[in-house]
Amino acid sequence: MSLRLRIAFASIGVGVIVLGLKFAAYWLTGSVALYSDALETVINVASSIAAVFAVWFASKPADSNHPYGHDKAEYFAAVLVGVMIVLAAISIFQSAWHGFIANEPANYSPLGLGVNAAAGVINGGWAWYLIRFGKKHRSPALVADGRHLRTDVVTSVGVLVGVVLVALTGWTRLDPILAGLVGLNVMWTGWEIMKESISGLMDEAASADTLDKIRALISEQGEGALEAHDLRTRIAGRTTFIDFHLVVPGEMTVDTAHEICDRIEQAIGKGLPGSHVTIHVEPEHKAKHSGIVVL
C-alpha cells in the first residue's frame with residue numbers, strides 16, 4: 001500500500017474520532033451550533049472515504065485504455081467532496097432555521113465545550129499535515145480533504161466563542177444564528193473546492209513560475225538546436241504534461257536530435273518531478289523566430 005493511500009485511510013480514522021467527540025459535545029449541550037459543527041464532520045468522514053478511492057484509483061499505472069494514467073480521478077473526488085460540503089451547508093441552514101423558530105435554551109456545560117475544543121485541536125493538527133503532505137505529493141484529493149478540515153477548525157473556534165457568549169448573555173437565538181454563519185462558511189468552502197477541481201479537469205496550464213522554469217531548462221539544455229516554440233502544459237494530479245516543438249538544423253542527424261531531446265527531457269524531469277515531456281522535432285525552415293531561443 002502506498003504512503004498516500006495509508007494517509008488517506010488514516011484520515012478516515014481521525015474523522016471518525018472527531019465525529020464521535022463532536023456529537024458527544026452536542027449531546028452534552030443540546031446546542032444547535034454544536035450540532036451544525038458535528039454535522040460538518042459527517043461530511044469530513046465521507047470526503048475522506050472518497051479520497052481513499054480517488055488516491056487508490058489515481059495510483060494505478062497507465063494502461064491501454066488510459067495511456068496517460070489515472071491521476072484525474074483525484075479531481076473527480078475533490079468535486080464530489082465539494083458537492084457533499086454544499087449539501088451539508090443546506091442541512092445546517094435547515095437546523096439553524098428550526099432552532100431559531102423554537103428558541104429553546106441549551107445546556108452549555110463546560111464538559112461539552114471542552115470535548116468540542118479537543119475535537120478542534122485534533123482536526124487542526126491533522127488538517128495541517130494533510131495539506132502539507134498533499135501539496136508535497138501533488139494529491140488534489142488529500143489537499144481538498146485537508147482544506148475542508150481546516151475550515152472545520154475555523155468554524156469550530158467561531159462556534160465555541162459564540163456558544164460561550166450565549167451562555168454568558170442568555171441570548172438563546174444567537175445559537176442558531178451561529179449555526180447559520182457556519183453554514184455560510186461551509187457553503188463557500190464547498191464552492192471553492194469545486195471550482196479548483198473543475199479547473200484541473202479542464203486541463204489548466206502550469207503556473208507562470210513553472211513555465212519560466214521550463215523555458216530556462218530548454219534554453220540551457222538544448223545546445224545544438226535553434227529554437228523551441230508552441231510550449232504547452234497541462235496539469236493532471238501529480239503529473240505535469242509538457243509538449244513543445246524543437247527546431248534543429250536541417251542537416252542534423254536523427255541520432256543527434258534525439259540526444260538533444262533526451263538531455264532536455266532528463267533536465268525537466270529532474271527539475272520538475274512527475275513531468276511527462278513530449279518533444280516534436282522540426283527542420284530549420286519550420287522556425288517561427290518567436291519561441292525559446294536555445295543558448
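# Salt bridges, rings and a helical core

The side chains of Arg 232 and Asp 243 meet in a salt bridge, with 3.2 Å from N to O, where a salt bridge is defined as a side-chain nitrogen of Lys or Arg within 4 Å of a carboxyl oxygen of Asp or Glu. Because Arg 232 lies in strand β1 (residues 227–236) and Asp 243 in strand β2 (residues 239–247), the pair ties together parts that are 11 residues apart in sequence. Strands here are DSSP runs of E with at least two residues, and helices are runs of H or I with at least four, both numbered from the N terminus. The two partners differ in their surroundings: Arg 232 is exposed, at 55% relative accessible area, whereas Asp 243 is buried, at 16%. Buried means under 20% relative accessible area, exposed over 50%, and partly exposed in between, for a 1.4 Å probe and protein chains only.

The model is a predicted one, in which local features need pLDDT of at least 70 and side-chain atom pairs count only at pLDDT 80 or more, while totals for chains, interfaces and linings use all residues. Residues are numbered from 1 along each chain as its sequence is written, and side-chain values use heavy atoms, with hydrogens and water left out.

The structure holds 2 salt bridges, and the other one to describe joins the side chains of Arg 215 and Asp 212, at 3.3 Å from N to O. Here the partners belong to one element, since Arg 215 and Asp 212 stand 3 residues apart in helix α7 (residues 208–221) and are therefore separated by about one helical turn. Arg 215 is partly exposed, with a relative accessible area of 34%, and Asp 212 is also partly exposed, at 45%. Arg 215 also has a counterpart further along the chain, for its C-alpha lies 8.5 Å from that of Leu 231, although 16 residues separate Arg 215 and Leu 231 in sequence.

Strand β1 holds a backbone feature as well, because Asp 230 is placed in this strand and has a positive phi of about 55° although it is not a glycine. Most residues other than glycine have a negative phi. Asp 230 is partly exposed, with a relative accessible area of 36%. Elsewhere, Arg 234 lies over the face of Phe 241, at 4.1 Å from the ring centre; for such a contact, NZ of Lys or CZ of Arg must be within 6 Å of the ring centre and within 35 degrees of the ring normal.

Taken as a whole, the chain has 8 helices and 4 strands, which follow one another in the pattern α-α-α-α-α-α-α-β-β-α-β-β. Of its 295 residues, 49% are buried.

The largest nonpolar core has 24 residues, and those with the most contacts inside it are Leu 34, Ile 85, Val 159, Val 163 and Val 186. At least two residues of this core are supplied by each of α2 (32–58), α3 (73–102), α4, α5 and α6 (174–201), and the largest share, 7 residues, comes from α3. A nonpolar core is a set of buried Ala, Val, Leu, Ile, Met, Phe, Trp, Tyr and Cys residues joined through side-chain atoms within 4.5 Å.

A search of the whole structure finds 2 aromatic pairs. Tyr 129 and Phe 133 form a stacked pair, 6.0 Å centre to centre with 25° between the planes. Rings of Phe, Tyr and Trp (its six-membered ring) pair if their centres lie within 6.5 Å, and planes under 30 degrees apart count as stacked, over 60 as edge-to-face and the rest as tilted. Both residues of the stacked pair lie in helix α4 (residues 110–136), 4 residues apart, or about one turn of the helix. Tyr 129 is partly exposed, at 28% relative accessibility, while Phe 133 is buried, at 6%. Together with Trp 126, Tyr 129 and Phe 133 form one aromatic cluster. Helix α4 also contains Leu 111, which is exposed at 57% relative accessible area; the C-alpha atoms of Leu 111 and Ala 24 are separated by 9.8 Å across 87 residues of chain.

On the surface, Val 157, Val 161, Val 164, Leu 165 and Leu 168 make a nonpolar patch of about 450 Å². Patches consist of residues with over 30% relative accessible area and no salt bridge, like charges being joined within 9 Å and nonpolar side chains (Val, Leu, Ile, Met, Phe, Trp, Tyr) within 5 Å; accessible areas come from the Shrake-Rupley method with a 1.4 Å probe, and for residues only the protein chains shown count as cover. Val 164 has its place in helix α5 (residues 140–169) and is partly exposed, with a relative accessible area of 37%.
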